[in-house]
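This report considers the charged side-chain pairs of a protein chain and the fold in which they sit. Please consult the sequence and the structure shown below while reading.

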Amino acid sequence: MAAQTRGQLSQLHDNTDRKIYVMYQKQLKELPDIWKRVTQVKQSNRQTEISLPIVGFGDIPEKPEGNAFSTDVLMAGHQKTVTHTEFGAAFEVTQTALEDDLHDQLTKAPMWLMFSAGYTMEKRAANLYNNGFTTELAADGLSAFNTAHTLIRGGTFRNRPSAEVDLSWTALKDAITDLSTETKHDSGQLALAVQDLILYVPPALEMLADRIVNSTGLPGVADNDRNAIKSRRNIEIVTNPLLTDTDAWFLVAKNKDLHGFCAYERVALTQMSPENDPRSRSRLYPIRFRYSWFVNQPQNSWGTQGA
C-alpha cells in the first residue's frame, strides 16, 4: 500500500510559484456513461442473483371432434447465476504532505478515484461485447453472440452471421432481417421484430455507420432509391472507444428491457468518509462499489466480429 508523501510530487511543496492544476479537471473531460445506454442496470439486495424465466406453451395442436384435449405444462428456462464483485481503492496521503500542500491539490485527489471507478465500470460493460464471441456466455451456456443458441422446447436461433461480415448497408439490412426472423421465444415462436435499435460501434466505424443509417438516399450508389433502413427502422448510433475490435459491430434493442446485456448494482459507487490512520496520522480517502456484469438471454441482440 502506497502513501502519498512530499517526495513523490515535490512540486506541490517546494515553495516555487507555479500554476498547478489537475489536467482531468481543466483540460480533459471524462467519458460519459456510454455503457448504461446499452446495458440494463438492475438493483440487488443479495450476494448472488439467480434468474430463471418461465417458458410458455408450444403451438396448439388440432383437436378432432369428440377427442380429449391435449395438455401441456410450463417449463423452466435457462438459468443464470450471478455473484457480485467488490471493487475498492483508497488514496492515502501523509499528514506532513497535507500540511505542505501549497496548491491545495491533495485534498482534491480523491476525485481521481471516482474517475478511475467510472472508467472501470465502462471497461467491464464493454467487455460483455468484446468477449461476446468467446468467453462471455449467455444463460444457455453459449457465447453471447452465437449461430446456434438453444431453445428450451427444441430448436435453435442465431444472433450472429454464419460468416463474419464488415459493416455495410447490405450487412446491416441482413442483420435487421436476422432479428426479425431469428428472434424466438424459448417455446419456439417468433418474437415481434424490434423497430427501435442501437447500432453499437467502435470509433473506426462511426462515420460509416452514420452514412448507412442517416443518408436519405441509398448510400454509395448513383440512383435515387430511398434509404429503406432509415425509413423502416429507428436506429441510434452509439460509439464506444473501449470496444477493442475495430471491425466488430453490434445491434441491440434500444429498450433495454428487451435484451439480456445487464448489470446488477449491489452497492453504488460510494466515496466513503475520510479516515486517519491511528498509527501514522496519514489521511485515507476510500471508495468502493459492488457490481456484476453479465449476459442473460441473447434475444434482441446481434453481433459480428467483422470479416
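## A salt bridge between distant strands

Glu86 and Arg288 form a salt bridge in which the closest N and O atoms are 2.9 Å apart. The pair connects distant parts of the chain: Glu86 lies in strand β6 (residues 85–93) and Arg288 in strand β14 (residues 283–295), with the two positions 202 residues apart. The model is a predicted one.

Neither partner falls in the buried class, because Glu86 has a relative accessible area of 52% and is exposed, while Arg288, at 24% relative accessibility, counts as partly exposed.

## A bridge from helix α4 to a loop

A further salt bridge brings together the side chains of Asp178 and Arg158, with an N to O distance of 2.8 Å. This pair also links distant parts of the chain, 20 residues apart: Asp178 belongs to helix α4 (residues 169–182), whereas Arg158 is in the loop between β8 (156–157) and α4.

The two partners belong to separate accessibility classes. Asp178 is buried, since its relative accessible area of 7% lies under the 20% limit for that class. Arg158, with a relative accessible area of 29%, is partly exposed.

## Glu49 with Arg46, and a shared network

Glu49 is paired with Arg46 in a salt bridge whose closest N and O atoms are 3.3 Å apart. Here the acidic partner, Glu49, is buried, with a relative accessible area of 8%. Arg46 is partly exposed, its relative accessible area being 44%.

Salt bridges may also share partners. Arg37, Glu236 and Lys254 are joined in this way into one network. In total, the structure holds 10 salt bridges, among them the pairs Glu86 with Arg288, Asp178 with Arg158 and Glu49 with Arg46.

## The chain as a whole

The protein chain comprises six helices and 15 strands. Strands β6 and β14, which carry Glu86 and Arg288, and helix α4, which carries Asp178, are included in that set. Of the contacts between residues at least 6 apart in sequence, 75% join residues at least 24 apart.

Of the 307 residues in the protein chain, 41% are buried; Glu49 and Asp178 are included in that class. The accessible surface of the protein chain amounts to about 16800 Å², and carbon and sulfur atoms account for 49% of that area.

Notes. Residues numbered from 1 in each chain as written. Predicted model: local features only at pLDDT ≥ 70, side-chain atom pairs only at ≥ 80, totals over all residues. Heavy atoms only, no water. Helix = DSSP H or I, 4+ residues; strand = E, 2+ residues; numbered from the N terminus. Buried < 20%, exposed > 50% of the residue type's maximum accessible area, 1.4 Å probe, protein only. Contact = heavy atoms within 4.5 Å. Areas by Shrake-Rupley, 256 points an atom, 1.4 Å probe, with all protein chains shown as cover. Salt bridge = Lys/Arg side-chain N within 4 Å of Asp/Glu carboxyl O.
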